[in-house]
Amino acid sequence: MTPGGAPDRARRIPEPLDGARVAKPVIRRQARLPRPGRATRAAAGVKDVAAAAGVSLGTVSNVLNRPEMVSPTTRAKVEAAMASLGFVRNESARQLRAGSSRILAYLMLDAGNPFFTDVARGVEEAAREAGLSVFLCNSNEDATREADYLDLLEQQRVQGVLITPIDPDSSRLSKLPARGTPVVVVDRSIDDGEHCSVAVDDVLGGEIALAHLIELGHERIAFVGGPNNIGQVTDRREGARRALGRAGLPLGNLVDLVTGALTVAEGRGAGQRLAGLPAARRPTAAFCANDLLALGLLQQCVSLGLRVPEDLAIVGYDDIEFAAAAAVPLTSVRQPRQLLGRTAAKLLLDESSNPDHEHQRVTFTPELVVRTSTRGKSAE
């Protein structure tokens, strides 16, 4: 009986006797039937639209591709037929006929870094204004993954590719334009005559970051960044070394803490290593190759009892939104993230449609944003 007193009609399987063999249940799958009232039907095509509107196939094609060639009355009739039939344009078929799509692609270096998602927003703004869509792809700092995505995007006949490359000198970046797919390099400056590029002067960015710390009286400074095959990292380190040279300080005063990636976790690891150095040899400041490293470094050092900026001043790079919102607001070198993406997308659109297009190398100037992590409360 159930708790309510009604007979319990659920089938119960008796427990097997000791040593008894229990046969496995037989499962019979029923054929899936259409739901009542939801008859299946093939998607409406252009022939169906032409028949419903009483016009030719050519007229339907003109409404889809060259609406200005069709009279308003006929166009309204065709559009009404499309609406009543639930017609959806077959974009894949159009791409096959045209040889290209109405899609741009952005192959970013690390989708987990807010810097690249901000760049992607700028790309999307320019694409939407041009009536295009955007594919976002993530190489995750993996050269094989990057190559696979480039092959796939070329096969999909995208209108063009924006890429923050692992290696800007890769021959793959030259092969795509030679076969008809324009490529614009984002966040890396390249002057090979084959590509447009849009970037920030990262050498200058590293220089102004170190100059700020030297101005505050720091002489032994850590550079936190890696891996070293990423061009932005090497450029920012080079700028830091130049600032030391201009200040008359030995290059050995820049203590390299190489990381395996540009992530918060790697920043925490660098913080552990830095805090473990003897106080007499420990840098009094750190310049990080991006804000994620700087935020991880800051978290770890504070958790280990180091005060920021009294025991360790910290400068990041990119000025993502989280920089200002950190427990100790982070001094950072600002890049115009969305403007980078928007500018790159416009160059790509021009290259894909303008036979007189000339490659451009656009370089923006970085800006230092000073907050508590280097100047204490006085910076707020």
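In which strand is the place of D318? D318 sits in strand β9, and the legends below describe close-up views of this strand and other parts of a predicted model.

**Figure 1. Overview of the predicted chain.** The model is predicted and has 14 helices and 12 strands. Of the 380 residues in the chain, 44% are buried. The accessible surface comes to about 20500 Å², and carbon and sulfur atoms account for 50% of that surface. When contacts between residues at least 6 apart in sequence are considered, 69% of them join residues at least 24 apart. The count of salt bridges comes to 16, and several of these are shown in later views.

**Figure 2. Positive phi values at D318 and D319.** D318 is not a glycine, yet its phi is positive, at about 120°. This residue belongs to strand β9. D318 has a relative accessible area of 3% and is therefore buried, since the cut-off for buried is under 20%. D319 is likewise a residue other than glycine with a positive phi, here near 60°. D319 is placed in the loop between β9 and α12 (321–325). With a relative accessibility of 6%, D319 counts as buried.

**Figure 3. A salt-bridge network that includes D319.** D319, R334, E367 and R371 are linked to one another in a network of salt bridges. Side chains of opposite charge can pair when their charged atoms come close. The network member D319 comes from the loop between β9 and α12, and D319 is buried at 6% relative accessibility.

**Figure 4. The salt bridge between D118 and R337.** The side chains of D118 and R337 meet in a salt bridge, with an N to O distance of 2.7 Å. The pair links distant parts of the chain: D118 lies in helix α5 (residues 114–129) and R337 in helix α13 (residues 337–353), 219 residues apart. Both D118 and R337 are buried.

**Figure 5. The salt bridge between R172 and D151.** R172 and D151 form a salt bridge in which the closest N and O atoms are 2.8 Å apart. R172 is in helix α7 and D151 in helix α6 (residues 143–155), so the salt bridge ties together parts of the chain 21 residues apart in sequence. R172 is partly exposed, with a relative accessible area of 31%. D151 is also partly exposed, and its relative accessible area is 27%.

**Figure 6. The salt bridge between R236 and D202.** A salt bridge joins the side chains of R236 and D202, at 3.1 Å from N to O. R236 lies in helix α9 and D202 in helix α8, and the pair links distant parts of the chain, 34 residues apart. R236 counts as buried at 5% relative accessibility. D202 has a relative accessible area of 3% and is buried.

**Figure 7. Surroundings of H218.** H218 is in the loop between α8 (202–215) and β6 (221–225). Its relative accessibility is 13%, so H218 counts as buried. Apart from neighbours within four places in sequence, H218 is in contact with L213, T284, A285 and A313. One of these residues, A313, is 95 residues from H218 in sequence, while the two C-alpha atoms are 8.7 Å apart in space.

**Figure 8. Cis peptide bonds before P227 and P309.** The peptide bond from G226 to P227 is cis, with omega near 0°. P227 is found in the loop between β6 and α9 (231–246). A cis peptide bond also joins V308 and P309, with omega about 10°. P309 is found in the loop between α11 (291–303) and β9 (313–318).

**Figure 9. A negative surface patch.** D167, D169, D192 and E194 form a negative patch on the surface. One of these residues, D169, is placed in the loop between β3 (160–163) and α7 (172–178). D169 has a relative accessible area of 66% and so is exposed, the cut-off for exposed being over 50%.

Note on methods: Residues are numbered from 1 along each chain as its sequence is written. This is a predicted model: local features need pLDDT of at least 70, side-chain atom pairs count only at pLDDT 80 or more; totals for chains, interfaces and linings use all residues. Side-chain values use heavy atoms; hydrogens and water are left out. Patches are made of residues with over 30% relative accessible area and no salt bridge: like charges are joined within 9 Å, nonpolar side chains (Val, Leu, Ile, Met, Phe, Trp, Tyr) within 5 Å. Accessible areas come from the Shrake-Rupley method with a 1.4 Å probe; for residues, only the protein chains shown count as cover. A salt bridge is a side-chain nitrogen of Lys or Arg within 4 Å of a carboxyl oxygen of Asp or Glu. Lys and Arg count as positive and Asp and Glu as negative; His and the chain ends are not counted. The place of a charge is taken as NZ of Lys, CZ of Arg, CG of Asp or CD of Glu. Helices (H or I, at least four residues) and strands (E, at least two) are DSSP runs, numbered from the N terminus. Buried means under 20% relative accessible area, exposed over 50%, partly exposed in between (1.4 Å probe, protein chains only). Contact means heavy atoms within 4.5 Å.
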